[in-house]
Amino acid sequence: MNNSKAGAKLSLGERVYEDLRIAITLGEIPQGQVFNEADLIARYKVSTSPLREALTRLRQDGLVKVIPRRGYAVVELTLRDFHELVQMRMINEGAAAELAAPRITDQHIREMQRLSSVSLAIGNTQSYRNFMQANQAFHELIASISENSRLVKATKQTFDEIQRVLFAGLSEIEDGDLKHDHDDIIAALARRDGPAARKAVIEHIKQSRDRVVQRMLRHDRPLENISLAD
């Protein structure tokens with residue numbers, strides 16, 4: 001849920017939107033899965049109006065698309081999409097980290113350490129959700145500290161699109177229990193070293209990219225066919 005919504009009572013449309021957005025971005029609803037309004041009305045026990053409000057926002061976010069005569073489908077990421085999103089992350093999050101460095105407080109550092117302590121247990125659905133939400137919250141926190149609202153918006157939008165493949169296709173044998181790799185970022189920010197923070201964030205994003213590509217090669221299939229169910 002967005003931090004701005006915390007503590008506020010959500011409308012039905014907002015509630016459905018937030019739940020669907022999380023389910024899609026965390027890969028709980030797989031890429032390419034087709035669904036219709038009747039399916040979602042039964043799932044959320046809501047009328048057509050708030051459901052369409054939610055679906056309109058998800059279409060604007062680029063997470064779902066209309067399938068004529070069938071309903072909707074979760075948009076599939078291509079390899080090109082993935083590389084473009086990686087480039088956007090390096091540009092936006094690198095800049096956000098450099099801007100955030102002189103504004104960092106000790107409380108910010110403690111929160112980053114807390115978020116980075118969340119571990120992922122392969123095969124545990126709730127663990128996936130906790131880990132991925134903590135990961136996104138970590139990066140969005142840095143953007144918020146930068147005090148640039150456009151960087152915050154860009155970081156959130158990019159994460160909503162790319163998050164579903166960052167930890168997809170994990171194998172207990174090959175990956176084990178996964179931990180966040182944020183130590184260098186936190187260390188640079190704790191020193192209030194902007195250029196080092198930018199470099200650490202960019203290196204972190206490159207490493208995440210390489211892990212996804214390696215899993216693609218390991219499974220010998222295109223990006224859009226990798227899901228958390230594997």
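# Exercises: salt bridges, a helix face and a cavity

R52 and E37 form a salt bridge, with their closest N and O atoms 3.0 Å apart. The model is a predicted one, so read every value below as computed from it.

**Exercise 1. Work out which parts of the chain the R52 and E37 pair links, and how covered each partner is.**

Step one: place the residues. R52 sits in helix 3 (residues 48-60) and E37 in helix 2 (residues 37-44), so this bridge ties together parts that are 15 residues apart in sequence.

Step two: check the cover. The cut-off for buried is under 20% relative accessible area. E37 has 18%, so it counts as buried. R52 comes in at 47% relative accessibility, so call it partly exposed.

**Exercise 2. Take the salt bridge between E18 and R21. Explain how the two partners are placed in their helix, and say whether each is buried or exposed.**

Step one: get the distance. The closest N and O atoms of E18 and R21 are 3.3 Å apart.

Step two: look at the spacing. E18 and R21 are three residues apart in helix 1 (residues 12-25), which means about one helical turn separates them.

Step three: look at the cover. E18 is buried, at 3% relative accessible area, and R21 is buried too, at 5%.

**Exercise 3. Find what the D106 and R192 salt bridge ties together, then see which residues are joined into a network by shared partners.**

Step one: the contact itself. The side chains of D106 and R192 meet at 3.5 Å, N to O.

Step two: the elements. D106 belongs to helix 5 (residues 106-116), while R192 is in the loop between helix 9 and helix 10 (194-219), so the bridge ties together parts that are 86 residues apart in sequence. R192 is partly exposed, with 34% relative accessibility.

Step three: the network. Salt bridges with shared partners join E18, R21, K156 and D160 into one network. For the full tally, the structure has 14 salt bridges.

**Exercise 4. Sort the residues of helix 9 by side: which are buried, and which are exposed?**

Step one: list the buried ones. In helix 9 (residues 183-190), these are I185, I186, A188 and L189.

Step two: ask why they share a side. They cover an arc of only 165° around the axis, which puts them on the same side of helix 9.

Step three: turn to the other side of helix 9, where D183 and D184 are exposed.

Step four: see what comes next. Helix 9 is followed by R192, with a positive phi near 60°.

**Exercise 5. Two residues have a positive phi without being glycine: R69 and R192. Where does each sit, and how exposed is each?**

Step one: recall the background. Most residues other than glycine have a negative phi.

Step two: take R69. Its phi is positive, about 70°, and it is not a glycine. R69 lies in the loop between strand 2 (64-67) and strand 3 (71-74). With 84% relative accessibility, R69 counts as exposed.

Step three: take R192. Its phi is near 60°, again positive in a residue other than glycine. You'll find R192 in the loop between helix 9 and helix 10, and at 34% relative accessible area it is partly exposed.

**Exercise 6. How many cavities of 30 Å³ or more does the structure hold, and what lines the largest one?**

Step one: count. A search of the whole structure turns up three cavities of 30 Å³ or more.

Step two: go to the largest. The largest cavity holds about 110 Å³ of space. Its lining has 13 residues, and N135, F167, H204, S208 and R211 are the ones nearest the centre.

Step three: assign the lining to elements. Helix 6 (125-145) and helix 10 are the elements that give two or more residues to the lining of the largest cavity. Helix 10 gives the most, with four residues.

**Exercise 7. Describe the whole protein: what are its elements, their order, its buried share and its contacts?**

Step one: elements. The protein has 10 helices and three strands. Along the sequence, the pattern reads α-β-α-α-β-β-α-α-α-α-α-α-α.

Step two: cover. Of its 230 residues, 47% count as buried. The protein exposes about 11700 Å², and carbon and sulfur atoms supply 48% of that.

Step three: contacts. Among those between residues at least 6 apart in sequence, 74% join residues at least 24 apart.

Definitions and conventions: Residues are numbered from 1 along each chain as its sequence is written. This is a predicted model: local features need pLDDT of at least 70, side-chain atom pairs count only at pLDDT 80 or more; totals for chains, interfaces and linings use all residues. Side-chain values use heavy atoms; hydrogens and water are left out. Buried means under 20% relative accessible area, exposed over 50%, partly exposed in between (1.4 Å probe, protein chains only). The arc is that of the directions from the helix axis to the C-beta atoms. A salt bridge is a side-chain nitrogen of Lys or Arg within 4 Å of a carboxyl oxygen of Asp or Glu. Contact means heavy atoms within 4.5 Å. Accessible areas come from the Shrake-Rupley method with a 1.4 Å probe; for residues, only the protein chains shown count as cover. On a 1 Å grid over the protein atoms alone, a cavity is a set of points where a 1.4 Å probe fits but cannot get out, and a pocket is an open set with protein on both sides within 12 Å along at least five of seven lines; lining residues have an atom within 4 Å of a point. Grid points are joined across faces, edges and corners, and a volume is the space filled by probe spheres set on the points.
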